[in-house]
Amino acid sequence: MSAAPYKTLMQRADDEFIVNKSRFIGYGAPVQTEEEALAFLAEIRKKHQDATHNCYAYIIGTNMGIMRYSDDGEPGGTAGMPIIEVMKARGVTNAAVVVTRYFGGILLGAGGLVRAYTQGAVVALNAAQVGVMHPTQRVLVDVTYPMLGKVEHFLKSEPVIVEDKSFMDTITLTIVVKTADAEGFASRLITQTDGRCEPIPMEEFYMAWPEEENA
């Protein structure tokens, strides 16, 4: 797994706001393919069949090779383009955003629409949280009961996520760590426990880590 890290969304989420009585709902989701993006769009359209507009944009590929957007009946350039520009500015890919509008009876004008759909994309990305995809390794660590407190205290300051704890004769911790950090983490853990705990490497995969951890 030597590909460069790339930004995407951590989860599906949404947020909403009101502009001059028009209700805007911004939805964001991580997607791996164009088919997934279109399925996400279809789901939101079905959920909001009574909405005035369901405008969208999606970007697919680690090289951002596929970019699509739609104004869905809003004046040209006032909805889909602002959404995708926000996505490009944040650098996210393998992501889809839908901004749903319920018209409130007051015309916003072209400039108002651009601002509203820009805000819709921003709240969608913030709700879904931008993360950075990194090659990640899952490891198992066997810990004796007397060592557990010391190991857990050590792990709080390490760049890892404890996924699971299994309590048997010993405690088995399932931990994920960025592949780039795995060797250093293993060395520090072995040192900290005087060689009594050593990570056992399991599978390697890609996972989104919070953006702020990679600033």
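This section describes the nonpolar cores, a helix pair and several individual residues of a predicted model.

The largest nonpolar core holds 26 residues, and those touching the most other members are Leu9, Phe24, Ile83, Met87, Val92, Val97 and Tyr117. Two or more residues of this core come from each of strand S2 (13-19), strand S4 (53-60), helix H2 (80-90), strand S6 (95-102) and helix H3 (109-128). The greatest contribution is that of H3, with eight residues. A second core, of 17 residues, lies apart from the largest one and includes Val160, Ala182, Phe185 and Leu189.

Helix H2 was examined in further detail. Its buried residues are Gly80, Pro82, Ile83, Ile84, Val86 and Met87. The partners against which the buried residues of H2 pack are S4, strand S5 (66-70), S6 and H3. For methionine 87, with neighbours within four places in sequence left aside, the contacts are Ala57, Tyr58, Ile59, Val92, Ala95, Ala96, Val97 and Leu125. Glycine 91 follows just after H2 and adopts a positive phi of about 75°.

Two packed helices are described by the angle between their axes and the distance between the axes. For helix H4 (residues 148-155) and helix H5 (residues 179-192), the axes come within 11 Å and cross at roughly 145°. This crossing of H4 and H5 is right-handed. On the H4 side, the residues that meet H5 are Lys150, Val151, Phe154 and Leu155, while H5 supplies Phe185, Arg188, Leu189 and Gln192. Five of the residues in the contact of H4 with H5 are nonpolar, one is polar and two are charged. Phe185 and Leu189 of H5 thus appear in this contact and also among the residues of the 17-residue core.

Three buried residues in strands were also considered. Threonine 8 is located in strand S1 (residues 6-9). Threonine 8 counts as buried because its relative accessibility is 3%, under the cut-off of 20%. Its side chain reaches the backbone oxygen of asparagine 94 at 3.0 Å. Beyond neighbours within four places in sequence, threonine 8 is in contact with Pro30, Val92, Thr93, Asn94, Ala95, Gln129, Val130, Gly131, Met133 and Ala208.

Arginine 101 belongs to strand S6. With a relative accessible area of 4%, arginine 101 is buried. When neighbours within four places in sequence are left aside, the residues in contact with arginine 101 are Ser22, Arg23, Phe24, Ala51, Thr52, His53, Glu74, Ile106, Leu108, Leu113 and Tyr117. Of these partners of arginine 101, Phe24 and Tyr117 are listed with the residues that touch the most other members of the largest core. Histidine 134 is part of strand S7 (residues 130-143) and is buried, with a relative accessible area of 14%. Between histidine 134 and lysine 88 the separation is 46 residues in sequence and 19 Å in space, C-alpha to C-alpha.

Backbone angles were examined last. Most residues other than glycine have a negative phi. Glutamine 129, which is not a glycine, nevertheless has a positive phi near 65°. Glutamine 129 lies in the loop between H3 and S7 and, at 40% relative accessibility, counts as partly exposed. Aspartate 194, likewise not a glycine, has a positive phi of about 55°. The position of aspartate 194 is in the loop between H5 and strand S10 (200-210). Aspartate 194 counts as exposed because its relative accessible area is 59%, over the cut-off of 50%.

Note on methods: Residues numbered from 1 in each chain as written. Predicted model: local features only at pLDDT ≥ 70, side-chain atom pairs only at ≥ 80, totals over all residues. Heavy atoms only, no water. Core = buried A, V, L, I, M, F, W, Y, C linked by side-chain atoms within 4.5 Å. Buried < 20%, exposed > 50% of the residue type's maximum accessible area, 1.4 Å probe, protein only. Helix = DSSP H or I, 4+ residues; strand = E, 2+ residues; numbered from the N terminus. Contact = heavy atoms within 4.5 Å. Axes fitted to C-alpha atoms, helices over the stretch in contact; angles between N-to-C directions. Left-handed = near helix turned anticlockwise from the far one by under 90°. Nonpolar A, V, L, I, M, F, W, Y, C, P; charged D, E, K, R; others polar. Polar contact = N/O pair within 3.5 Å; in protein donor to acceptor, adjacent residues only side chain to side chain.
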